[in-house]
Amino acid sequence: MAGHSQYANIKHRKGAQDAKKAKKFTKLRRELVVAARSGIPDPAFNPRLRSALANARRQGLPKDKIEAAFKSASNKTDADDYQEIYYMASGSGEMWPNGISVVVDALTNNKNRTASEVRHILSKFGFVFAELSFMFDRLGLFSYAESVDLDRLIEFALEIGALDVKKENKRHNVYSNKEDFSRIADELSKEFGDCEYSGLVWVPKSPQIASKEVQQNLEKMLEALEENDDVQNVYTSISLED
């Protein structure tokens, strides 16, 4: 019986891991489709697509799924007619004694469905939709590995008009105005090669430091949101510890 129980547990874990991988692949595929349609469908001339392709390969998206995403991008159908949308929400109450703000980025082919599902998840954690754009900056982010020379990266990035370069979460992160994203992406790529991640992100203007308990509550909420296929990224006003 013990052996059977152990096998059942292993099988359950494998099933959960497979489901998690499938969700990750769905999100990567959607980003490829939207990125390819956002400009010229050639990574050499489309910084967003170049980043999405590099990220998909790095996270193990199979070649056939990458090819299918490009095919889908060129043959537009209602099912793959994804729209970019974001939701802002504020949390308060016992779980969030000092308040907290979040921004949820999504890619969806049904805005009503996604809004309903995201609202439902957030409400379970004490959040309500709210207009909070004044609390965040929409910036370009280019994330490089620590192996890249930081001093050289800082000097070059500032010369081409980047806003800032920071060492964060074991990465060298370059920030830019969103209007300069494509130009700076091209300049950085020529000088340093492809970065590990690039895209438009929401950065809190005044990051909050939270207790361990609040961080644990936040991580549970993030896990719940990431289970939704439409949710691509979630940003918060809380500075999470590494």
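This briefing describes how selected helices pack and which residues lie in the interior of the structure. The model is predicted. Its largest nonpolar core has 22 residues, and the largest share of that core, 5 residues, comes from helix α7. Two helix pairs, α4 with α7 and α5 with α6, are treated in turn, followed by the buried residue Arg 50.

**Helices α4 and α7**

- Helix α4 covers residues 111-124 and helix α7 covers residues 212-226; their axes lie 10 Å apart, at an angle of about 160 degrees.
- Because angles over 145 degrees count as roughly antiparallel, α4 is described as roughly antiparallel to α7.
- The crossing of α4 past α7 is right-handed.
- On the α4 side, the residues that meet α7 are Val 118, Ile 121 and Leu 122; their partners in α7 are Met 221, Ala 224 and Leu 225.
- Sorted by class, this contact holds 6 nonpolar residues, with no polar and no charged ones.

**The nonpolar cores**

- Within the largest core, of 22 residues, those with the most contacts are Leu 122, Phe 127, Met 221 and Leu 225.
- Two or more residues of this core come from each of the strands β1 (83-91), β2 (100-108) and β8 (231-236), and likewise from the helices α4 and α7.
- Helix α7 gives 5 residues, the largest share of the core.
- Leaving aside residues up to four places away in sequence, Leu 225 touches Val 104, Val 118, Ile 121, Leu 122, Val 231 and Val 234.
- Another core, of 17 residues, lies apart from this one; among its members are Phe 25, Leu 49, Tyr 82 and Leu 107.

**Helices α5 and α6**

- Helix α5 (residues 150-159) packs against helix α6 (residues 181-192) at an angle of about 145 degrees, and their axes are 11 Å apart.
- Here too the crossing is described by its hand: α5 passes α6 in a right-handed crossing.
- Arg 152, Leu 153 and Phe 156 in α5 meet Glu 187, Leu 188, Glu 191 and Phe 192 in α6.
- By class, the contact of α5 with α6 comprises 4 nonpolar and 3 charged residues, and no polar ones.

**Arg 50, a buried residue**

- Arg 50 is located in helix α2, which spans residues 47-58.
- Arg 50 has a relative accessible area of 14% and therefore counts as buried, since the cut-off for buried is under 20%.
- Not counting residues up to four places away in sequence, Arg 50 touches Pro 43, Ala 44, Phe 45, Ala 185, Asp 186, Ser 189 and Asp 194.

Notes. Residues numbered from 1 in each chain as written. Predicted model: local features only at pLDDT ≥ 70, side-chain atom pairs only at ≥ 80, totals over all residues. Heavy atoms only, no water. Axes fitted to C-alpha atoms, helices over the stretch in contact; angles between N-to-C directions. Helix = DSSP H or I, 4+ residues; strand = E, 2+ residues; numbered from the N terminus. Parallel < 35°, antiparallel > 145°, perpendicular 65-115°, else oblique. Left-handed = near helix turned anticlockwise from the far one by under 90°. Contact = heavy atoms within 4.5 Å. Nonpolar A, V, L, I, M, F, W, Y, C, P; charged D, E, K, R; others polar. Core = buried A, V, L, I, M, F, W, Y, C linked by side-chain atoms within 4.5 Å. Buried < 20%, exposed > 50% of the residue type's maximum accessible area, 1.4 Å probe, protein only.
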